[in-house]
Amino acid sequence: MSTTSSLSGSIGPMSHDAGPQSFGRVDDDGTVYVRTSTGERSVGQVPDVTAEEALEFFVRRYRSLETEVGLLESRLSSGTVSPSEAQNAAARLAESIEQANAVGDLDGLRARVEALAPTIEAKAESRREERAEAHAQARAAKEEMVAQAEQIAEGNDWRGGVNRFRALLEEWKKLPRIDKRTDDELWHRFSGARTAYTRRRKAHFAEQNAVRDSARRAKEAIIEEARPLATSTDWGATSRAFRDLMNRWKEAGPAAREIDDKLWKEFRSIQDTFFDARTAAQSEQDEEYRGNQEAKEKLLDEAEGSILPVTDVEAAKEALRRFLDRFNELGRVPRDSMRRIDARVRALEDKVHAAEQAEWKRTDPQARERAQATVDMLTAQISKLTADAERAEAAGKDRDARKARESIQTYESWLDQARRTLDDFTA
């Protein structure tokens, strides 16, 4: 194989600007050499080709390595490779360059790889700091979640607590793990709180189910007691019996909702049967009592017109007694007018009684003596204060005189009231 003079020469360093070929030569026997800072070494032999083709074969290997170095530099710069991956890639490339059967500036290529070391270390340190910060944040978040879980576990929010624990668990899964010991300890607390809450919740609902089952049995028993009452015509006693059953129904508490609604409809139907029959019977009776109502209202009109206003207490009392005797002889009235008529009777009785009390008070000698004593005491006090005021004015003690005059005004207003009370006894 023949070679050209441009492909051979001394081993000394050559300019990188001349291209990768400038770092190699081809011997007369077709052996290709590469020159590095440590000397010249054989990289291989390509038979049956020109020297230029043999050299280009090994240059392509160099360019492939150069492409890998450039790619690593780009990925490191853009942050698309982790520091550990970059470090492994740089070590692998450095070894590949050291042993590469390629022609080109291997020293420069190795220098580019070595130049990446500070950047890789800086990014590794930054990554460590980020991880430390992330771990610290994750730890704080998990500690807060544990505190929330333990608070929920101590509470009685049996429905909302389940949803809150589910949300906390989903948040927990999204957080990165921290050091194993701390992570395990926090998870143990979180899981323990959730387990304690679940046990208490199950116990609560079990107890609630027992209470509801007891209520169901009690209400079923009440319904059985109510059934024979539905057709009773003993209106008063049966009404009281239904009232007692209703009180027991309320005291029994709720059963499960669907069951409770069904039982209530059945119990209500039994009650309606009785009370509808009672209403029909009472309505029939009311029509029979309508004549009594008209007679009592007419008698009331006469009594109110003749007794009120009360001018003679004794005559009014006698008239009231006669009215009540006649009123009570007339019998019952319809239910819809009973309260109104009774209210008119009570009002008439109250007015006669009030007149009687007023008359007794007016003629009570002890009360008159107390009223006269009050008038006398206030009159004497006013006289004393008047004398005090005059003496103070004569002595030039204006302040004392003014206070005495103010007191006199107060006592005079009291005296006016006392005199009006005394006048009531002489009217």
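**Figure 1. Tyr289 and its neighbours.** At 17% relative accessibility, Tyr289 falls under the 20% cut-off, so this residue counts as buried. The model shown here and in the other views is a predicted one. Tyr289 sits in helix H7. What does Tyr289 touch, leaving aside residues up to four places away in sequence? Arg332, Val333 and Pro334. Take Arg332: along the chain, Tyr289 and Arg332 are 43 residues apart, yet in space the C-alpha to C-alpha distance is 6.2 Å.

**Figure 2. H7 running back along H8.** Here we look at helix H7 (257-307) and helix H8 (313-329). Their axes come within 11 Å and cross at roughly 180°. That angle is over 145 degrees, so H7 counts as roughly antiparallel to H8. On the H7 side, the contact is made by Lys296, Leu299, Leu300, Ala303 and Ile307. Facing them from H8 are Ala316, Ala319, Leu320, Phe323, Arg326 and Phe327. Sorted by class, that contact holds nine nonpolar residues, two charged ones and no polar ones. Have a look at the loop between H7 and H8 too, since Pro309 lies there. The peptide bond joining Leu308 and Pro309 is cis, with omega at about -10°.

**Figure 3. H9 and the helices it packs against.** Helix H9 covers residues 335-363. With 29 residues at 1.5 Å a residue, H9 should span 42 Å, and the 43 Å between its end C-alpha atoms agrees with that. Which residues of H9 are buried? They are Ser337, Ile341, Val345, Leu348, Val352 and Ala355. These buried residues pack against H7 and H8, the pair from the second view.

**Figure 4. H10 from end to end.** Helix H10 takes in residues 365-394. Its 30 residues should span 44 Å at 1.5 Å a residue, and its end C-alpha atoms are indeed 44 Å apart. The buried residues of H10 are Ala367, Ala371, Val375, Leu378, Ile382, Leu385, Ala389 and Ala392. After H10 comes Gly396, with a positive phi near 75°.

**Figure 5. Asp48, in the loop before H1.** Asp48 belongs to the loop between strand E3 (39-45) and H1. What is the sign of phi at Asp48, which is not a glycine? Positive, at about 60°. Is Asp48 buried or exposed? Its relative accessible area is 79%, over the 50% cut-off, so Asp48 counts as exposed.

**Figure 6. H1 and its surroundings.** Helix H1 spans residues 51-78. For its 28 residues, 1.5 Å a residue gives an expected span of 40 Å, and the end C-alpha atoms are 40 Å apart, in agreement. The buried residues here are Ala51, Ala54, Leu55, Phe58, Val59, Tyr62, Leu65, Val69, Leu72 and Leu76. Strand E1 (24-26), strand E2 (31-36), E3, H2 and helix H3 (106-154) are what these buried residues pack against. Gly79 follows H1 and has a positive phi, near 80°.

**Figure 7. H1 meeting H2.** H1 and helix H2 (residues 83-99) pack at an angle of about 160°, and their axes are 11 Å apart. That angle makes H1 roughly antiparallel to H2. The crossing is left-handed. Leu65, Glu68, Val69, Leu72, Arg75 and Leu76 represent H1 in the contact. H2 brings Glu85, Ala86, Ala89, Ala90, Leu93, Ser96 and Ile97. How does the contact of H1 with H2 divide by class? Nine of the residues are nonpolar, three are charged and one is polar. Leu65, Val69, Leu72 and Leu76 in this contact are also among the buried residues of H1.

**Figure 8. H4 against H5.** Helix H4 (residues 160-174) and helix H5 (residues 180-226) pack with their axes 11 Å apart, at an angle of about 160°. That makes H4 roughly antiparallel to H5. H4 passes H5 in a left-handed crossing. From H4, the contact takes in Gly161, Val162, Phe165, Leu168, Leu169 and Trp172. Across from them, H5 supplies Leu186, Trp187, Phe190, Ala193, Arg194, Tyr197 and Arg201. By class, ten of the contact residues are nonpolar, two are charged and one is polar.

Notes. Residues are numbered from 1 along each chain as its sequence is written. This is a predicted model: local features need pLDDT of at least 70, side-chain atom pairs count only at pLDDT 80 or more; totals for chains, interfaces and linings use all residues. Side-chain values use heavy atoms; hydrogens and water are left out. Axes are lines fitted to C-alpha atoms, for helices over the stretch in contact, and angles run from 0 to 180 degrees between N-to-C directions. Helices (H or I, at least four residues) and strands (E, at least two) are DSSP runs, numbered from the N terminus. Angles under 35 degrees count as roughly parallel, over 145 as roughly antiparallel, 65 to 115 as roughly perpendicular and the rest as oblique. A crossing is left-handed if the near helix is turned anticlockwise from the far one by less than a right angle, and right-handed if clockwise. Contact means heavy atoms within 4.5 Å. Ala, Val, Leu, Ile, Met, Phe, Trp, Tyr, Cys and Pro count as nonpolar, Asp, Glu, Lys and Arg as charged, and the others, Gly among them, as polar. The expected span of a helix is 1.5 Å times one less than its number of residues. Buried means under 20% relative accessible area, exposed over 50%, partly exposed in between (1.4 Å probe, protein chains only).
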